[in-house]
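This report introduces a protein structure to a reader who has not met it before. Its sheet, its nonpolar cores and one helix residue are described in turn.

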Amino acid sequence: ALNGGATMVLIDASASLTAPGRFDAARELAERVIRDAPPTHAVGVMAFAHASDEIAPLSHDRAGALAAVAQLKPGAGATRYRAALRRAGEAFSGRSGRLVVITDLQQSGWDAASEGGIPDTIAVELEDVGGPSANLAMTSLRAEGTDAVAVVHNFSSRPATEQVVFAVDDRRIGAVPLTLAPGGSAEARVPVDGYPSGALSAS
């Protein structure tokens, strides 16, 4: 049945996750997402690095999805978000739901432009596996009314001050200073009304 929605977990299996303990953390996150998915949702798992593989197609077999996650191993290759996101979007076959991307963000910032091809009916969420050295990460970027909203998380035990730069098609449209409490997150927003539509990014 196509109703009931779906939760697809997309796990980064690129070489950067072979660091000790890093992939275990990714696995645990994936298992938590599967277990916490709404009861009506079909659940699926995809892994991506240089290619994306559907390792558990969308179904109501949560035990099968958990088993698929348990067998995953990180491989070689760089992270290719764009192709993986497009493949994951197609796997929904018209269903609405959420796509949870589990990655260590080894790309400079999360580029919302790479969400190209994902329908509006699918919410994209980012779960950062951040290593010990990762201190700040952008965990989401979305359009809200006429604003662009970026959420930044501080994973360190010290306060941090940073600025979030927003761009449309690589043209800078604004920079917002943020002060983050230790372990806290904060939202930066800029109005995008009046700008021609294009690929929105924040860094």
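Two strands are said to pair if DSSP finds at least two bridges between them. In this predicted model, Ala 148 has Val 190 of strand β10 as its bridge partner. Strand β7, residues 147–154, pairs with β10 in the antiparallel sense over seven bridges.

These strands belong to an open sheet of three strands, ordered β6-β7-β10, with antiparallel pairing. At its edges lie β6 (136–144) and β10 (185–191), each of which pairs on one side only. From one strand to the next, the twist averages 20°.

The nonpolar residues form separate cores, listed below with some of their members.

| Core | Size | Residues included |
|---|---|---|
| Largest nonpolar core | 22 residues | Val 9, Ile 11, Phe 23, Ala 26, Ile 34, Val 45 and Ile 102 |
| Second, separate core | 18 residues | Ala 6, Ala 42, Phe 48 and Leu 126 |

The residues named for the largest core are those with the most contacts inside it. At least two residues of this core are supplied by each of β1 (6–12), α1, β2 (42–48), α2 (62–71) and β4 (97–103). Helix α1 gives the largest share, six residues.

Helix α1 spans residues 22–36 and also contains Asp 24. Asp 24 counts as partly exposed because its relative accessibility is 42%, a value between the limits of 20% and 50%. The side chains of Asp 24 and Arg 27 are joined by a polar contact of 3.2 Å. Asp 24 and Ala 70 are 46 residues apart in sequence, and their C-alpha atoms are 9.3 Å apart in space.

Technical notes:
Residues numbered from 1 in each chain as written. Predicted model: local features only at pLDDT ≥ 70, side-chain atom pairs only at ≥ 80, totals over all residues. Heavy atoms only, no water. Helix = DSSP H or I, 4+ residues; strand = E, 2+ residues; numbered from the N terminus. Buried < 20%, exposed > 50% of the residue type's maximum accessible area, 1.4 Å probe, protein only. Polar contact = N/O pair within 3.5 Å; in protein donor to acceptor, adjacent residues only side chain to side chain. Axes fitted to C-alpha atoms, helices over the stretch in contact; angles between N-to-C directions. Core = buried A, V, L, I, M, F, W, Y, C linked by side-chain atoms within 4.5 Å.
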